[in-house]
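Subject: Structure for you to look at

Hello,

Here is the structure I said I would pass on. Please open it first, then read the notes below next to it.

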Amino acid sequence: MARTRTFRETMSSYCKEVRELGFRLYAVISESLGLEPGYMKETLGEQEQHMAVNFYPPCPSPELTYGLPAHTDPNALTILLMDQDVAGLQVLHDGKWVAVNPQPGALIINIGDQLQALSNGQYRSVWHRAVVNSDRERLSVASFLCPCNDVELGPARKLVTAETPAVYRNYTYDEYYKKFWSRNLDQEHCLELFRTC
Ligand SMILES: O=C(O)CCC(=O)C(=O)O
Ligand SMILES: [Fe+2]
């Protein structure tokens, strides 16, 4: 008799696929910076992977609140599976909040703070937020690829030159993560606290 997949099996294979996709993206991002394809994956160490299933119920006064306030993601890379029907994600582009509308079958890839640091500021960790609406609930599933807690992170040596000095000092992810959650999400970009100058 045919057996339907359990929730656990579906989630488990989704997590594995998302992880592989993240590793492929690390390789092309490394290459785009003139680094070895394995640079990001190796530097980030044994990756943790977290998942947030965000549920935003309808809100009678959506103009008074946010589903999620403005933030950047503290990790390396986020792969976001969005509700296929209801919009809510916005990204800050040229000082304006722009809606990212659902595209059937598409995943949203957010660069996190650690890829900004490793690329010495060449890639930018995007400011984003989620708004709510008064009549429809919304769901999003965020998969966060996170560096190993105790690896040393900072600008790739090859990207630090006399013309492009290190923008950020070195630190462990443990230190960064604690600092990130010790402030309000929508305060200044947390990486600003790790600047060399
Ligand atoms: O719900 C969304 O579209 C955004 C979720 C998000 O940014 C997060 O979980 O960090
Ligand atoms: Fe986020």
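**Overall fold**

Along the sequence, the protein runs α-α-β-β-β-β-β-β-α-β-β-β-β-α. In total there are four helices and 10 strands; helices (H or I, at least four residues) and strands (E, at least two) are DSSP runs, numbered from the N terminus.

Two remarks on the source. This is a predicted model, in which local features need pLDDT of at least 70 and side-chain atom pairs count only at pLDDT 80 or more, while totals for chains, interfaces and linings use all residues. Residues are numbered from 1 along each chain as its sequence is written, chains are lettered from A and ligands numbered from 1 in the order in which they are written, and side-chain values use heavy atoms, with hydrogens and water left out.

The C-alpha atoms fit in a box of roughly 55 × 50 × 30 Å, taken along the principal axes. The radius of gyration is 18 Å, which agrees with the value near 16 Å for a compact globule of 197 residues; the radius is taken over C-alpha atoms, and the globule rule is 2.2 Å times the number of residues to the power 0.38. Of the 197 residues, 42% count as buried (buried means under 20% relative accessible area, exposed over 50%, partly exposed in between, with a 1.4 Å probe and protein chains only). Among contacts (heavy atoms within 4.5 Å) between residues at least 6 apart in sequence, 75% join residues at least 24 apart.

**The iron ion**

Which residues hold the iron ion (ligand 2) as protein donors? They are His71 (NE2), Asp73 (OD) and His128 (NE2), at 2.1 to 2.3 Å from the ion. Donors are N, O and S atoms within 2.8 Å of the metal (3.2 Å for Na, K and Ca); water is not among the atoms, so sites may look incomplete. Along the chain, the donors of the iron ion follow the spacing H-x1-D-x54-H. Asp73 and His128 link distant parts of the chain, 55 residues apart: Asp73 is in the loop between strand 2 (68-71) and strand 3 (77-82), and His128 is in strand 7 (residues 128-130). Asp73 is buried at 4% relative accessibility, and His128 is buried at 5%.

**Aromatic rings**

The whole structure has seven aromatic pairs. One of them joins Tyr173 and Tyr177: the centres are 5.4 Å apart and the planes are at 45 degrees, which makes the pair tilted. Rings of Phe, Tyr and Trp (its six-membered ring) pair if their centres lie within 6.5 Å; planes under 30 degrees apart count as stacked, over 60 as edge-to-face and the rest as tilted.

Both tyrosines lie in helix 4 (residues 173-181), four residues apart, about one turn of the helix. Tyr173 is buried, with a relative accessible area of 3%, whereas Tyr177 is partly exposed at 30%. Tyr173, Tyr177, Phe180 and Trp181 form one aromatic cluster.

Arg183 lies over the face of Phe180, 5.1 Å from the ring centre. Lys41 lies over the face of Phe23, at 4.6 Å. A charge sits over a ring if NZ of Lys or CZ of Arg is within 6 Å of the ring centre and within 35 degrees of the ring normal.

**Phe194**

Phe194 lies in the segment after helix 4. Is Phe194 buried or exposed? Phe194 is buried, with a relative accessible area of 0%. Leaving aside neighbours within four places in sequence, its contacts include Tyr171, Glu175 and Lys179.

Regards
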